[in-house]
Amino acid sequence: MRSKLLKSLLFWVVVAIILGALCSLFFPVWLARVFVTFNGLFSNFLSFFVPVLIFALITPAIAGLGRGAGKWLGITAGIAYGSTIISGLIAWGVAAGLYPTLLAGHELVTDVDNPEDGGLSAYFTVEMPAPFEVMAGLLLAFVVGLGMTAVRSNTMYSFFSELESVVMKAVTVFVIPLLPVFIFGTFLNLGMNDALGSTMSAFGIVLVLSIVMTIVIVLLQYVIAGAVAGRNPFTALKNMLPAYFTALGTSSSAATIPVTYASTLKNKVDENVAGFVVPLCATIHLSGSMMKITLYALAIVSMSALPIGAGQVLGFILLLGIMMIAAPGVPGGAIMAAVGLLQANLGFDESMVSLMIAAYIVVDSFGTAANVTGDGAIAMVVNRFAAGNIQGHELKNKQLGDAPAA
C-alpha cells in the first residue's frame, strides 16, 4: 500500500501544493529563485515539447482509426466526440451562469515574477523554440494520419507507432516526474507574493463544482442512452457502478476496460458491440476530462480577466476534443495534451498552466470515472442500431486492454 501511494502522481501533487504553501512562509528569496528558475526552464521545455507530443500521438491515432471496423467505427467515434463536445459546451454554460457570482471578488494574480513589483525573478532563462506551432502539429498529424490510411503504408505506421512509444517514454520518465516540482515552484511563488489565499479559495469552489458536474454529465448521458435503447437509465447506470468505482480508484481507463466491458454486458449489449465500443471509447471519449478542463480554464479566464471572446472558447472546446485523443496512457495525460491549446488559444502563462495541471490532477479520477461510465452509455446507443452488424473478425485490432488511458 505504501509503495503504491509513493508511486501515485496525485499523492506527490498534493504534497507539492502543501509544501509550496508552507515553504513560502520561511524560504529565503535566493532559494525561492532557484525554483522560479526551474519553473521557467520547465515551462519553456513544455512549449517546445507539446507540439511534438501532439504530432507524435495523434498521427498514429488517426491512422489507426482508419484501419478500424468500417462505418461503425466512424459512427462510434462521432458519438464519442459529440458527447465530449456537448460536455464542454455544458461546462461553458455553467461557467457563464455561475462564475460571475461564485468567483465574485476573487482575483487570480499570476504575474508574480516581476522584480519591479516585488516579485521573484529567475536567475537565468533558456529559450527553447518549438519546431512548429501547436496548430501546425495538429494539422500535420491529420494530413499524415489520413494519408497513411489512404496509402496503407505499414512502414510509416510502424515508424509512427515507435515514435509514439518514444514520446510516451519521455512523458513518463521525464515530464510527469518533474510536474510536482513545477507545481511546488508555482505555489511557493504565489505564497511568497501573497497571492495564494485567494487562489486556493477560488479553486476549492471550482473543484467541488467540477466533481458535481462530472456526475451530472454521466446522468444526462444515461437518460439519453436509455431513451434511445429503450432501457431504464437508472438501472443501466447502476450496472455500470463497478466500472465507475474502479476508474475512481485507478485513474486509468485502460485498467478499467475489463470491468467496463463486463458492466456493459449487464446492460444487454451485444458482446461484439461491447468488445468494439469499450476499448475504442477508452481512447476517444473524454467527456469527464472535458468538463473539468473547461471549468478550470474558464475559472482562470474569469479571475484573471483575460480578454477571451466566445469564438476563442468555442474553438478551444472543439480542438480540445481532438487533442485529448492524444492523451498519454498516464494519469493527467489529458491536461498535458491540452497545455498547447491553453497557451495558444486562451493565452495562459506559465503559472496559469501550472495551476491547471495541479487542479486537474487532484480530481483526475473523477473525470476518468465519468469517461469510462459514459462509454457504457455509448455502447447502449451503438447496440441499438449495430448489433449483428459488427462482427468478431473486425475486432482484431481492438482487443481488451489495448487502448491508452484517458
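**Met148 and its surroundings**

I began with Met148 and looked up what it touches, leaving out residues up to four places away in sequence: the list is Thr59, Ala63, Ser153, Met156, Tyr157 and Phe160, where contact means heavy atoms within 4.5 Å. Met148 sits in helix H5, residues 134–151, and I note that helices (H or I, at least four residues) and strands (E, at least two) are DSSP runs numbered from the N terminus. With a relative accessibility of 1%, Met148 counts as buried, a term that stands for under 20% relative accessible area, with exposed meaning over 50% and partly exposed in between (1.4 Å probe, protein chains only). I also recorded a pairing across the sequence, since Met148 and Ile62 lie 86 residues apart along the chain and 8.8 Å apart in space, C-alpha to C-alpha.

**Ground rules**

I keep in mind that this is a predicted model, in which local features need pLDDT of at least 70 and side-chain atom pairs count only at pLDDT 80 or more, while totals for chains, interfaces and linings use all residues. Residues are numbered from 1 along each chain as its sequence is written, and side-chain values use heavy atoms, with hydrogens and water left out.

**The chain as a whole**

I counted 16 helices and zero strands in the chain, and of its 406 residues 53% count as buried. Among contacts between residues at least 6 apart in sequence, 87% join residues at least 24 apart.

**H5 against H13**

Staying with H5, I looked up its packing with helix H13 (residues 310–323): the two axes come within 12 Å and cross at roughly 55°, the axes being lines fitted to C-alpha atoms, for helices over the stretch in contact, with angles running from 0 to 180 degrees between N-to-C directions. H5 and H13 are therefore oblique to each other, given that angles under 35 degrees count as roughly parallel, over 145 as roughly antiparallel, 65 to 115 as roughly perpendicular and the rest as oblique. Their crossing is left-handed, which is the term when the near helix is turned anticlockwise from the far one by less than a right angle, right-handed being the clockwise case. On the H5 side I find Val134, Met135, Leu138 and Phe142, which meet Leu319, Ile322 and Met323 in H13. Sorted by class, this contact has seven nonpolar, no polar and no charged residues, where Ala, Val, Leu, Ile, Met, Phe, Trp, Tyr, Cys and Pro count as nonpolar, Asp, Glu, Lys and Arg as charged, and the others, Gly among them, as polar.

**H14 and its partner H12**

I next turned to helix H14 (residues 333–344), which is largely enclosed by the rest of the structure because 10 of its 12 residues are buried. Those buried residues are Gly333, Ala334, Ile335, Met336, Ala337, Ala338, Val339, Gly340, Leu341 and Leu342. Helix H12 (residues 287–304) packs on H14 at an angle of about 40°, with the axes 11 Å apart, and this makes H12 oblique to H14. The H12 and H14 crossing is right-handed, and the contact is made by Ser289, Ile293 and Ala297 of H12 with Ala334, Ile335, Ala338 and Leu342 of H14. By class I noted six nonpolar, one polar and no charged residues in the contact of H12 with H14.

**The nonpolar core**

For the largest nonpolar core I recorded 122 residues, of which Tyr99, Ile293, Phe316, Phe348, Met356 and Ile357 touch the most other members; such a core is a set of buried Ala, Val, Leu, Ile, Met, Phe, Trp, Tyr and Cys residues joined through side-chain atoms within 4.5 Å. Helix H3 (residues 29–66) gives the most to this core, with 15 residues. Leaving aside neighbours within four places in sequence, Ile357 is in contact with Leu179, Phe182, Ile183, Ile335, Met336 and Val339.

**Single residues**

I checked Gly40, which lies in helix H3 and is buried, with a relative accessible area of 14%; Gly40 and Thr125 are 85 residues apart in sequence and 6.6 Å apart in space, C-alpha to C-alpha.

Gln221, in helix H7 (residues 196–229), counts as buried at 10% relative accessibility. Not counting residues up to four places away in sequence, Gln221 touches Ser83, His285, Ser287, Ala370, Gly374 and Ala377.

I closed with two loop residues: Lys268, between helix H10 (253–266) and helix H11 (271–284), has a positive phi of about 60° although it is not a glycine, and counts as exposed at 62% relative accessibility. Ala305, in the loop between H12 and H13, has a positive phi of about 55° although it is not a glycine, and is exposed, with a relative accessible area of 62%.
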